[in-house]
Amino acid sequence: MKDRITFARLSEIDPTEIVAHMSDPRVAEHMPLLTFEWDAKVAAGFVAKKERYWARDGLGHWAFLANDRYVGWGGFQKEGDEWDFGLVLRPDAFGLGRRISSKAINFATADERIPFVTFLLPRSRKNLGALGRLGARQVGEIEYDRAKFLKFRLETKHPATAPTQ
């Protein structure tokens with residue numbers, strides 16, 4: 001049976017699930033900003049911060065569920081004038097990344113606020129074919145909180161469907 005993928009708010013997830021997820025060393029391998037240990041207090045602060053983005057921007061990070069089971073988090077976070085997409089899955093759900101990303105990108109394509117999406121990937125990521133298949137192109141490198149990331153951009157509004165002025 002194919003997993004049913006749904007999105008929920010992070011505040012709906014048991015914080016112990018998030019702590020266990022973010023404490024897995026396989027998750028930290030490609031997260032250069034993950035330099036601290038997760039506990040209940042860190043998880044509560046993380047969820048509160050993500051909820052503030054929802055309040056500020058009307059959009060933010062979701063919890064990803066497969067058949068109602070928490071498998072990770074991610075979504076869109078506004079960085080200046082750009083909507084950045086992130087995806088952090090539990091290791092036992094790494095195979096769901098393409099389906100979850102596709103569902104999220106379809107959301108972005110339908111949302112008038114999001115003319116394009118950016119992706120920041122750590123330089124440790126070598127398999128970047130999925131971004132190319134989505135249509136994203138590398139636009140450079142940036143430094144964020146003393147870590148270097150490859151930056152990609154995906155246009156979500158195409159000239160044929162863009163509103164005319």
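**Notebook: a two-residue loop and two nonpolar cores**

I began with aspartate 68, which is exposed because its relative accessible area is 54%, above the 50% that marks exposure. I keep in mind throughout that this is a predicted model.

I then looked up where aspartate 68 sits, and found it in the loop between β2 and β3. Its backbone caught my attention, since aspartate 68 has a positive phi of about 70° although it is not a glycine. For context I noted that most residues other than glycine have a negative phi.

I turned next to asparagine 67, which lies in the loop between β2 (61-66) and β3 (69-79). Asparagine 67 also has a positive phi, near 50°, and is likewise a residue other than glycine. Is asparagine 67 buried or exposed? I found that asparagine 67 counts as partly exposed, because its relative accessibility is 32%, which falls between the 20% and 50% limits.

I moved on to the interior and looked up the largest nonpolar core, which holds 26 residues, with Phe76 and Phe119 touching the most other members. The elements that give two or more residues to this core are β2, β3, β4 (82-89), α4 (97-110), β5 (116-122) and β7 (147-155), and the largest share, four residues, comes from α4.

I followed phenylalanine 76 further and, leaving aside residues up to four places away in sequence, listed its contacts, among them Leu59, Trp62, Trp83, Phe85, Ala104, Ile105, Phe107 and Val117. Apart from the largest core I recorded another, of 17 residues, including Val19, Ala43, Trp73 and Val88.

Key:
Residues numbered from 1 in each chain as written. Predicted model: local features only at pLDDT ≥ 70, side-chain atom pairs only at ≥ 80, totals over all residues. Heavy atoms only, no water. Buried < 20%, exposed > 50% of the residue type's maximum accessible area, 1.4 Å probe, protein only. Core = buried A, V, L, I, M, F, W, Y, C linked by side-chain atoms within 4.5 Å. Contact = heavy atoms within 4.5 Å.
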